[in-house]
Amino acid sequence: MAWCPDSLDARVRSAAVSGSSAALQPPASARKPERHPDAPAPGELLGAHYEHCFGCGHEQPHGLHLEARAGEGVSLTAEFTVRPAHQGAPGLAHGGVLATALDETLGSLNWLLRKIAVTGRLETDFVRPVPVGTTLHLAAEVVAVAGRKIYSTATGRMDGPTGPVAVRAEALFVEVPVEHFVDNGREEEIQAAMKDPDQARRTRAFEVNP
Ligand SMILES: CCCCCCCCCCCC(=O)SCCNC(=O)CCNC(=O)[C@H](O)C(C)(C)COP(=O)(O)OP(=O)(O)OC[C@H]1O[C@@H](n2cnc3c(N)ncnc32)[C@H](O)[C@@H]1OP(=O)(O)O
């Protein structure tokens, strides 16, 4: 049965105001997202899904080292501190880096659904310049699911989790089978990731859970 709560209507209206495209508006057949019973508990850190991920991996010296924490329902929060390596204009975060932070945060949501999905579309509003040294407080949630399509939204705030919005994004993730990575990725990194001694990361990267 189709799911169309007031909050989704509000999001669609707000999307229209912010200018996000029709492709990011869930169809009438969309359903409410369901948190997987084995999803990390609210408050739990998600950890890196892959040590060399530019967004969350600890083995990327100039990566974002983004730390995401499960929230209620299918939501999470994350933090990312802008470092000198992330500049575009002097002293300010590069817009592409901020989009990456949003992409990584939104991508982490799929772990709460226990679905493996990749970004199909990401639309970003850059609302305020973000100086180097700023900690961006990100909050994201999945708003609807339609077949393989996962619709989600995120904001990034400065000066604390309730501070002014600096960036926001809406996205469509598309669920993919594990072959997506095996068939398209580079052999050496795939082999290395499959040998990762961390069972949780291996599971997250290479198993699709119903
Ligand atoms: C190892 C770590 C693990 C975990 C991985 C975690 C990684 C975290 C990193 C952050 C996330 C990323 O950056 S991920 C990396 C960046 N993204 C990518 O590399 C994805 C590259 N693109 C693709 O591989 C492909 O285009 C896909 C998978 C997105 C879609 O291809 P497909 O599988 O053939 O599916 P397709 O039939 O085309 O589309 C399915 C449905 O989605 C819709 N759709 C598809 N793309 C779009 C789009 N851009 N805008 C609107 N709608 C779209 C279609 O209309 C269709 O709707 P309907 O007809 O069904 O209604």
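The legends below accompany close-up views of a predicted model.

**View 1. Overall arrangement of helices and strands in the predicted model.**
The protein holds five helices and six strands, and, read from the N terminus, these elements follow the order α-β-β-α-β-β-β-β-α-α-α. Of the 210 residues in the protein, 34% are buried. Where contacts link residues at least 6 apart in sequence, 67% of them join residues at least 24 apart.

**View 2. The open six-stranded sheet and the helix packed on it.**
Six strands form an open sheet in the order β1-β2-β4-β5-β6-β3, and their pairing is antiparallel. The edges are taken by β1 (67-70) and β3, each of which has a single partner strand, so that one side of each is left without a neighbour in the sheet. On average, and with direction ignored, neighbouring strands of this sheet are turned by 20° against each other. Helix α2 packs on the sheet and touches β1, β2 (75-81), β3, β4 (135-146), β5 (149-157) and β6, with its direction at about 135° to that of β3.

**View 3. The pairing of β3 with β6.**
Strands β3 and β6 run in the antiparallel sense and are joined over nine bridges. Within this pair, Arg-121 has Leu-172 of β6 as its bridge partner.

**View 4. The shell of residues around the ligand.**
The ligand is surrounded by 20 residues, of which Ala-23, Gly-107, Val-118, Gly-120 and Arg-121 are the closest. Two or more residues of this shell come from each of α2 (95-113), β3 (117-126) and β6 (165-175), and the largest share, four residues, is given by β3. By residue class, the shell comprises nine nonpolar, six polar and five charged residues. Arg-121 thus appears in two of these views, as one of the closest residues to the ligand and as the bridge partner of Leu-172 in β6.

**View 5. The span annotated as a thioesterase domain.**
An unreviewed UniProt entry carries the annotation "domain: Thioesterase" for residues 91-151. In the model this span is 31% helix and 41% strand, and the C-alpha atoms at its two ends lie 33 Å apart.

**View 6. The loop that holds Pro-177.**
Pro-177 is placed in the loop between β6 and α3 (179-184). This residue counts as exposed because it has 10 C-beta neighbours inside 10 Å, where the cut-off for exposure is 12 or fewer. From C-alpha to C-alpha, Pro-177 lies 35 Å from Gly-88, and the two residues are 89 residues apart in sequence.

Terms used: Residues are numbered from 1 along each chain as its sequence is written. This is a predicted model: local features need pLDDT of at least 70, side-chain atom pairs count only at pLDDT 80 or more; totals for chains, interfaces and linings use all residues. A residue is near a molecule or strand if its C-beta atom, placed from the backbone, lies within 6 Å of it. Ala, Val, Leu, Ile, Met, Phe, Trp, Tyr, Cys and Pro count as nonpolar, Asp, Glu, Lys and Arg as charged, and the others, Gly among them, as polar. UniProt positions are given in the numbering used here, feature names are shortened, and annotations may be inferred rather than shown by experiment. A residue is buried if 20 or more other C-beta atoms lie within 10 Å of its own, exposed if 12 or fewer, and partly exposed in between; C-beta atoms are placed from the backbone. Two strands pair if DSSP finds at least two bridges between them. Axes are lines fitted to C-alpha atoms, for helices over the stretch in contact, and angles run from 0 to 180 degrees between N-to-C directions. Two residues are in contact if their C-beta atoms, placed from the backbone, lie within 7 Å.
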